[in-house]
Amino acid sequence: MKFSPSTIGLGVTMTIGYGTLYYSFSVLAPEIAREFGWGESFVFGIFSAGLLAGAVVASPLGRLVDHVGARIVLSLGSLAAAAVLTLLGLMQNAGHFMVLAVAAECIALAVQYEAGFAALAQIHGREARAHITLVTLIAGFASTIYWPLLQWLLTQITWREIYFALAVMNVAIALPIHLALPQRRTDRQDVSGQVEAVADSVPDNGRQAMVLMAVAFAAGGFVVSAVGATLLVLLDSLGYEATVATLAGSLIGPSQVAARLLGYVRRNLFSPPVTAVVAAAAMALGLTLLLGGALMGPLSAFALSFALFYGAGQGLTSIARGVLPLHYFGAAGYGRRTGILASARIVLSAVAPVTVIWLNEVSGAVAAIACILVAACVSLGAIATLAAVAKPAAR
C-alpha cells in the first residue's frame with residue numbers, strides 16, 4: 001500500500017506536537033522551578049490541572065473538527081501552539097505560568113493524535129487504519145528525539161530560548177504540512193454532510209459500544225499515565241538498582257515501536273478489536289510480571305520482561321485509540337466521538353500519577369502496582385466485552 005505525503009507529514013507533525021507540548025514539560029519544568037524558586041510539586045500540579053482542563057476542551061474540539069474539518073483545526077492549533085510556547089519563553093511570574101501551562105495542554109489536543117486521526121478519517125474514510133498505524137509508528141519516536149534533544153539544548157541555550165525554538169518548529173514545519181493536507185473526502189456518504197444526523201442517532205448497540213470504549217480508554221489512560229510518571233519511583237521503592245530501572249524504562253520505547261511496526265506489517269491479519277484486546281492483554285501481563293517482581297524481590301528479569309510486554313501493549317493501544325471508533329461507527333461524527341472518549345481518558349490520566357504516588361507513600365510499591373494492574377484489567381475486560389458484543393459499522 002502506498003502512502004500519500006500527507007500521511008508521512010502527519011507523522012512528522014504529531015511528533016512535533018507531542019515533543020513540543022508534552023515531552024518538553026518534564027525536561028524544562030525543573031529548570032523553570034529552579035529559576036523562580038518554585039517547588040516541583042507546584043509545577044507538576046499545574047501540569048495536571050492543564051490535563052484536566054483538556055478534558056473539558058476535548059469534546060467541543062471534536063465537534064469543531066467535524067464541522068470545519070481537521071485541516072483547519074490542525075493549522076490553527078499549530079499557530080496557537082507557537083503563540084503559547086513563545087509566551088512561555090517570556091513569562092515572568094507564577095500567574096503567567098499557570099495560565100500558559102493550562103492553555104498549552106488544551107491547545108495540545110488540536111495538534112496531537114485525536115485531531116490527526118480525525119484528519120486521516122476524513123481523508124481516507126474506513127481505509128484510514130493503515131494510515132493511522134503509520135502515523136503512530138513515526139510519532140512513537142517523539143520521546144526518543146525530544147528528550148535528548150532538549151537536554152542537549154539546555155547545555156547550549158536557556159530554557160526561554162528553547163521555548164522560542166519549539167515555537168518555530170510549530171510554525172516553520174508543522175503549519176505548512178497541516179495547510180497542505182487534502183480536503184476531507186466528500187464522495188463518502190458517511191464522511192460529510194450527515195455528520196450530526198448520524199452522530200445524534202446512535203443505536204442502543206452503539207451507545208453500549210461507546211460506554212465500553214470509554215471505560216477501556218479511560219482505564220488504559222490511567223495505566224499509561226501512571227507508568228509514565230511513576231515507574232522510576234516505583235522501581236526505586238522496590239529496591240531495583242538505578243541501572244536496571246533505567247534500562248527497563250528505556251526498553252518501553254523500542255517495544256512500542258516494534259509492536260507498531262508489526263501491527264503495520266500484519267495490519268490485515270487482525271481486526272481492530274483483536275488488536276485492541278492483544279494490546280490490553282500485553283499491558284496487563286507486563287504489570288502482572290512487575291507485581292510478581294515486587295512480591296518476590298527486585299529480580300531484573302521481572303522488570304525487563306515487564307518493559308517488553310508493557311511497551312508492546314502501549315504501542316498497540318495508541319493505534320486502537322484511533323481505529324476502534326472508526327471500526328464501530330465509521331467516519332461520520334468521528335471527531336465528536338473521539339473527543340468524548342478523550343475527555344474520560346484525560347481525566348483519569350490526570351489523577352493517575354498523584355494517586356499512585358500517594359499509594360506508594362502510604363501503603364508501599366506493591367499496593368501502587370496492584371492499583372495500576374487493576375486498571376489494566378478493567379481496560380482488558382471492557383475491550384474484550386466490546387469485541388464480543390458490539391457490531392462494526394456497515395461499510
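This passage describes salt bridges in a predicted model and the burial of the residues that form them.

A search of the whole structure finds 4 salt bridges. One of them joins E35 and R160, whose closest N and O atoms are 3.5 Å apart. This pair links distant parts of the chain, since E35 belongs to helix 1 (residues 5-36) and R160 to helix 8 (residues 159-179), with their positions 125 residues apart in the numbering. The two partners are not equally shielded: E35 is partly exposed, with a relative accessible area of 47%, whereas R160, at 18%, is buried, because the cut-off for a buried residue is under 20% relative accessible area.

Two further salt bridges involve E114. In the contact with R321, the N to O distance is 3.3 Å, and the pair again connects distant parts of the chain, with R321 in helix 13 (residues 300-329) and E114 in helix 5 (residues 113-124), 207 residues apart. Both of these residues, R321 and E114, are buried.

In the contact between E114 and R345, the N to O distance is 2.9 Å. Because E114 lies in helix 5 and R345 in helix 14 (residues 334-362), this salt bridge ties together parts that are 231 residues apart in sequence. E114 has a relative accessible area of 14% and is therefore buried, and R345, at 13% relative accessibility, likewise counts as buried. Through salt bridges that share partners, E114, R321 and R345 are joined into one network.

Key: Residues numbered from 1 in each chain as written. Predicted model: local features only at pLDDT ≥ 70, side-chain atom pairs only at ≥ 80, totals over all residues. Heavy atoms only, no water. Salt bridge = Lys/Arg side-chain N within 4 Å of Asp/Glu carboxyl O. Helix = DSSP H or I, 4+ residues; strand = E, 2+ residues; numbered from the N terminus. Buried < 20%, exposed > 50% of the residue type's maximum accessible area, 1.4 Å probe, protein only.
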